[in-house]
Amino acid sequence: MTIRTSTKTVTFRRPFWLKGVDRLLPPADYRVVTDEELIEGLSFSAYHRVSTAIFVPAPSGSAIEMVTIDPLDLKAALERDAASPPPG
């Protein structure tokens, strides 16, 4: 089983809600990690997503927690953020 991991940074300009996180998250840059598994037996390389996680501030203190999320929920949250007027 071959796994590849990709990392990207997403930016939220306003506080936001995300399924899988039980609190309002502050505007910031967030690291998102996606693991994909190689589909074996094909004549070409193809992968399917195994998991997507976002790193968010813990409810208290300076800790960070990794939360597994649905990438479609993340996409919807980013679209809501982009559609809202800029802060300030």
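Let me begin with the aromatic rings, where, if we count two rings as a pair when their centres lie within 6.5 Å, the count comes to three aromatic pairs. One of them joins Phe12 and Phe16, whose rings are stacked, with 3.6 Å from centre to centre and 10 degrees between the planes. Please keep in mind as we go that this is a predicted model.

Are these two residues, Phe12 and Phe16, buried or exposed? Phe12 is buried, and Phe16 is buried as well.

Phe16 also pairs with Tyr30, and here the arrangement is edge-to-face, with the centres 5.3 Å apart and 85 degrees between the planes. Phe16 belongs to the loop between β1 (3-12) and β2 (28-38), while Tyr30 belongs to strand β2, so this pair ties together parts that are 14 residues apart in sequence. Tyr30, like Phe16, is buried, and through their ring pairs Phe12, Phe16 and Tyr30 are linked into a cluster.

Rings take part in another kind of contact here, this time with charged side chains. If you look at Arg4, you will find its charged end sitting over the ring of Tyr47, at 3.8 Å from the ring centre, and in a similar way the charged end of Arg31 sits over the ring of Phe55, at 3.9 Å from the centre of that ring.

Finally, let us turn to the surface, where Met1, Ile3 and Val50 make a nonpolar patch of about 330 Å². Val50, which lies in strand β3 (residues 47-57), has a relative accessible area of 48%, and because a residue must be over 50% to count as exposed, Val50 is described as partly exposed.

Terms used. Residues are numbered from 1 along each chain as its sequence is written. This is a predicted model: local features need pLDDT of at least 70, side-chain atom pairs count only at pLDDT 80 or more; totals for chains, interfaces and linings use all residues. Side-chain values use heavy atoms; hydrogens and water are left out. Rings of Phe, Tyr and Trp (its six-membered ring) pair if their centres lie within 6.5 Å; planes under 30 degrees apart count as stacked, over 60 as edge-to-face and the rest as tilted. Buried means under 20% relative accessible area, exposed over 50%, partly exposed in between (1.4 Å probe, protein chains only). Helices (H or I, at least four residues) and strands (E, at least two) are DSSP runs, numbered from the N terminus. A charge sits over a ring if NZ of Lys or CZ of Arg is within 6 Å of the ring centre and within 35 degrees of the ring normal. Patches are made of residues with over 30% relative accessible area and no salt bridge: like charges are joined within 9 Å, nonpolar side chains (Val, Leu, Ile, Met, Phe, Trp, Tyr) within 5 Å. Accessible areas come from the Shrake-Rupley method with a 1.4 Å probe; for residues, only the protein chains shown count as cover. A salt bridge is a side-chain nitrogen of Lys or Arg within 4 Å of a carboxyl oxygen of Asp or Glu.
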